[in-house]
Structures are given as C-alpha cells and as structure tokens.
Amino acid sequence: MDTLVGSSSPLKCGTTSLDGSTAYLLKQREFGMCTNSGPFSIGQRISIAAGFIPNRMKTVAAYGEKAFCGTFSKDGSVFLSSSQDDKIRLYNTSHGSFMEKRCITARDVGWSVLDTAFSPDGTCVIYTSWSDFIHLVNISSKGVESHMALDLSPLDRDFAIFSVTFSHDGKEILGGASDCYMYVFNRERNQRTLMMDAHEDDINSVRFADESSHILYSAGDDGVCKVWDRRILDEEDPQPVGMFAGHSDGITYIDSKGDGRYLITNSKDQTIKLWDVRKFSSSEGLEATRRAITNYRWDYRWMAVPKIVRNSRRKLKGDTSVMTYRGHSITKTLIRCRFSPVHTTGQRYIYTGCGTGAIIIYDVLSGNMVAKLIGHKACVRDVSWHPTDVRIVSSSWDGHINQWDYQGSDNPQDSDSDSEYGPEQSGGRLVIINVNGVRRRSKRLKQQGQARHKRHHAEES
C-alpha cells in the first residue's frame with residue numbers, strides 16, 4: 001500500500017505502542033527500547049518534529065508596497081523576497097538569523113515582479129513580470145550584479161510570465177504565460193527551445209514533477225491541470241499524457257511532492273486538491289469543469305467570495321482528486337500552497353496563504369485543518385517553510401514579511417518580543433484547530449470566550 005507521508009499514528013519502538021509524546025519517547029530511548037536500541041530512527045525524528053508547528057510571529061521586514069513572493073533557498077540559508085516597489089531582496093537566514101544581505105533593483109517591471117526562483121545551486125535567481133523576458137541575476141559574486149534578459153519572443157504584445165522555475169540540473173527554465181503558452185529556455189544554448197499552446201486560458205503555474213525534469217505540470221484559469229511528457233512531446237501538436245479535472249474555477253498554483261506521483265493545486269473555488277498521477281480524469285470530468293467555470297460570474301481580484309462558492313461541498317462529475325482541503329480563502333491574487341518540508345515534517349502537512357491574512361495548515365492524510373496562523377492585516381500571497389528549521393516566513397499585501405517560530409506555548413503573546421518593528425507588529429496568534437483528532441484552541445481565545453460568557457450572563461441577570 002502506498003503512503004503519502006509518514007504515518008500519523010502513534011510511534012512504535014520495537015513492539016511497544018507509545019502515546020507519541022516527546023517526553024515518553026526520550027524515556028523509552030534512555031531505557032534502550034527504541035529502534036536498534038540507539039538513536040531515534042528517521043521516521044521517529046520526523047514524527048516528533050512534525051508536532052512542533054511554528055506559533056510565534058515577529059515582523060522581520062516591512063515594505064512600503066505589497067509583498068508578492070518569498071521563498072527559502074534549497075539549503076535554507078537565503079530568503080528571496082520581492083515586492084511591488086521593484087526591489088528583490090536577499091536575506092541571510094543561516095543559524096536562525098534574518099538579515100538583509102543584498103537588494104536588487106528589478107528591470108523591465110510592469111506593475112510588479114510576479115514570480116521568482118532560485119537556481120538549484122543557489123548562485124542565480126530569476127524573476128518575471130509583464131515583459132517578454134525572463135530576467136536572470138547572478139548573486140554568487142559580492143557587490144557585482146550580472147543581469148541577463150532571456151528573450152522568449154512571444155507572439156502577443158501584452159505578455160506576462162506568471163510562473164517560472166528551474167529544472168533540477170539548472171540548465172533549463174520553465175515558464176507559464178498569459179498567452180496560454182508554455183516556454184522552455186535552455187541556458188546552455190541561450191535560446192528558447194520550446195513554445196507550445198498548452199491551455200485555453202492564462203497559465204498561472206508550472207512545475208517539474210521530479211528530478212528527471214521529463215514530466216511537466218501546468219495549470220491555469222481554465223481550471224485544468226495537465227501533465228506533459230517531454231520525451232514524446234510534439235511542439236506542433238502538443239498533447240498531454242493526462243489531465244486532472246475537479247476544480248470548479250481557475251487554478252492559482254501547483255506544488256509537486258517531488259516523488260513523481262503526487263501534486264497539489266490551489267484554486268479560486270476556495271479548495272486545494274491532492275492528485276495522484278496514476279489516476280487521470282476522464283472526458284466527463286473535463287466537460288464538468290468547463291461547464292462550472294463558464295457558469296461563474298465573479299472576479300476573485302476585487303469581489304467577495306459568493307456564498308454559493310464558499311459553502312459549496314459539491315463534487316464535480318469525474319473529479320479524480322485523492323483529497324480536497326477547505327477552509328482558506330483565495331482572493332485578490334494568485335495565492336500559493338505547498339507541501340511541508342521532508343526533513344522536519346515528512347511532508348505531513350499542506351500549507352497555504354489566505355485572502356484573510358492568515359496562514360492555513362492542513363493534515364495531508366485526514367484533510368483536517370491543523371492550525372491557523374493569524375498575524376497579517378491583508379492577503380498572504382506566499383508562504384515558505386524552512387527546509388530544516390521550525391520556521392515559516394509569510395509575505396503579505398500589507399507589506400510585511402513575518403517570521404513564525406516555535407515557542408513552546410500556544411499563546412505567543414505570553415512572552416516578550418524581540419521584533420525591531422515594535423510590539424504591535426509581533427506576537428501573532430495561533431489557533432490550533434485539530435491535532436490528532438482533538439479540537440482545542442489557544443489559551444487567549446479560551447480566556448476571551450470565558451469573559452464574553454460572564455458578560456452575557458451578567459446582562460441576563
């Protein structure tokens with residue numbers, strides 16, 4: 001039986017069933033009752049670490065404009081941030097720090113920098129905007145910026161690359177654009193090597209499925225996620241090897257689990273869906289998605305989510321998704337979602353930004369909302385979980401970059417803050433929704449509820 005992530009059931013050391021608490025596991029290890037009578041196994045370490053969800057917020061950077069993108073490098077030593085002020089900022093995040101090390105002025109920017117990405121070796125970054133070019137910046141040399149404009153030569157004059165990413169060897173760059181085309185730029189040949197008509201509407205997100213870089217994912221405003229195999233791809237007549245249909249509105253983001261099997265998609269229908277590449281959708285599902293999108297008459301950029309969309313639990317015919325996650329809001333912009341890191345959580349969680357200014361964390365297997373991090377005053381467009389530390393950094397349209405750490409209490413306001421931006425921009429709030437099937441709330445929320453109950457009782461008396 002295939003498993004998506006490490007088991008969330010109680011750990012076992014030898015044949016002894018444990019209650020899963022860290023203290024109990026440490027005690028068992030001291031008695032030599034854990035696996036191999038030595039250190040914890042990889043699975044045990046991950047299961048322990050997965051219980052420590054970041055719960056204390058502090059503002060680590062503040063801009064005068066909306067923050068659009070924010071991601072950690074592969075090794076977690078650098079954080080890349082972009083905002084509507086045409087600046088791309090690099091922060092040193094090694095050893096728990098968060099210090100600005102370089103500020104790059106973006107070129108040829110229309111409205112905003114729309115997407116950014118690190119090269120696998122961390123020596124270059126790329127960024128896109130409303131422009132015919134993907135811009136590449138060498139960040140390996142100190143004090144010297146080497147900008148390169150990679151010309152995609154699109155057919156449309158009004159053109160933007162909404163999503164961009166490197167192949168795993170760093171030799172190619174994949175992009176999805178507003179003209180419904182997918183592009184591949186070969187860095188060694190310094191030219192565009194692929195331009196294919198892939199979707200019926202804007203392509204909002206593209207990804208490589210795994211390290212082979214043979215399989216591509218793409219999705220956009222037509223509500224369909226397509227899978228492409230480059231080994232059998234004909235640029236003149238491109239045909240996907242399969243498609244995923246089940247969303248009732250456009251898709252804003254794709255994240256691959258990296259195993260070549262599972263991926264998630266975030267959508268304007270206010271859901272995230274988990275897909276298995278071994279189970280594609282039929283023509284019935286594709287037609288149901290087309291009809292659903294045609295029937296919607298709302299614009300997520302400036303309209304409130306209609307009640308019929310927010311409350312819908314209807315599953316479209318032909319929906320082949322493995323799981324659907326509900327509880328977050330997709331408004332204003334193309335909000336991202338991702339799997340949590342392998343090293344610290346075993347990819348047990350899915351996390352996403354939210355139009356309400358929160359960060360939502362779901363359990364992959366159960367589909368339950370595990371936690372809600374509240375601290376921003378506007379839409380959170382991008383969120384990045386550090387690959388090895390218990391740290392989440394969120395980028396919001398309120399212009400703030402907030403860092404969430406684990407403090408050891410579900411009430412982060414009990415302790416002093418060391419944020420340089422003042423107490424009003426630190427602390428944050430964690431609402432623990434569901435951990436191991438038990439619903440509980442933060443102490444502060446419990447106290448507020450008790451105070452309201454007392455006031456209500458006094459008024460009745």
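## A pocket lined by strands

Strand β8 gives the largest share of the lining of the largest pocket, four residues. This is a predicted model, in which local features need pLDDT of at least 70 and side-chain atom pairs count only at pLDDT 80 or more, while totals for chains, interfaces and linings use all residues. Residues are numbered from 1 along each chain as its sequence is written, and side-chain values use heavy atoms, with hydrogens and water left out.

**The chain as a whole**

The protein chain has six helices and 32 strands. Both are DSSP runs numbered from the N terminus: helices are H or I with at least four residues, strands are E with at least two. The chain holds 461 residues, and 55% of them count as buried. Buried means under 20% relative accessible area, exposed means over 50%, and partly exposed lies in between (1.4 Å probe, protein chains only).

Next come the contacts, meaning heavy atoms within 4.5 Å. Take those in the chain with a separation of 6 or more: residues 24 or more positions apart account for 53% of them. The accessible surface of the chain comes to about 21,000 Å². Carbon and sulfur atoms own 47% of that surface. These areas come from the Shrake-Rupley method with a 1.4 Å probe; for residues, only the protein chains shown count as cover.

**Pocket and cavities**

Rolling a probe the size of a water molecule over the atoms shows where empty space is left. The search uses a 1 Å grid over the protein atoms alone. A cavity is a set of points where a 1.4 Å probe fits but cannot get out. A pocket is an open set with protein on both sides within 12 Å along at least five of seven lines. Lining residues have an atom within 4 Å of a point. Grid points are joined across faces, edges and corners, and a volume is the space filled by probe spheres set on the points.

How much space lies in the largest pocket? About 1,300 Å³. The lining counts 37 residues, and the closest to the pocket centre are Phe72, Lys74, His168, Asp255 and Ser256. Several elements each supply at least two lining residues, among them β4 (67-72), β12 (161-166), β20 (251-256) and α5 (342-345).

The whole structure has two cavities of 30 Å³ or more. The largest cavity has a volume of about 40 Å³. Its lining includes Ala49, Phe52, Tyr349 and Trp385.

**Helix α3**

Helix α3 covers residues 283-295, 13 residues in total. The expected span of a helix is 1.5 Å times one less than its number of residues. For α3 that gives 18 Å, and the end C-alpha atoms are 19 Å apart, which agrees.

Which residues of α3 are buried? They are Gly285, Leu286, Ala288, Thr289, Ala292 and Ile293. Seen down the axis, these buried residues fall within an arc of 160°, so they line one face of the helix. The arc is that of the directions from the helix axis to the C-beta atoms. The buried residues pack against β19 (242-244). On the other side of α3, Ser283 and Asn295 are exposed.

**Single residues**

Phe68 sits in strand β4. Its relative accessibility is 1%, so Phe68 counts as buried. Leaving aside neighbours within four places in sequence, Phe68 is in contact with residues including Trp111, Arg381, Asp382 and Trp397.

Four loop residues follow.

| Residue | Loop | Relative accessibility |
|---|---|---|
| Ser94 | between β6 (87-92) and β7 (99-105) | 23%, partly exposed |
| Asn190 | between β14 (181-186) and β15 (191-197) | 45%, partly exposed |
| Ser213 | between β16 and β17 (215-220) | 8%, buried |
| Pro238 | between β18 (225-229) and β19 | 13%, buried |

Two of these residues have a positive phi without being glycine. Phi is near 55° for Asn190, and about 65° for Ser213.

Some pairs are apart in sequence, and their C-alpha atoms can be compared in space. Phe68 and Gln84 are 16 residues apart along the chain, with 7.1 Å between their C-alpha atoms. Ser94 and Val78 are also 16 residues apart in sequence and 7.1 Å apart, C-alpha to C-alpha. Pro238 and Ala198 are 40 residues apart in sequence, and 7.2 Å separates their C-alpha atoms. Beyond its neighbours within four places in sequence, Pro238 is in contact with Met196, Asp197, Trp228 and Leu233.
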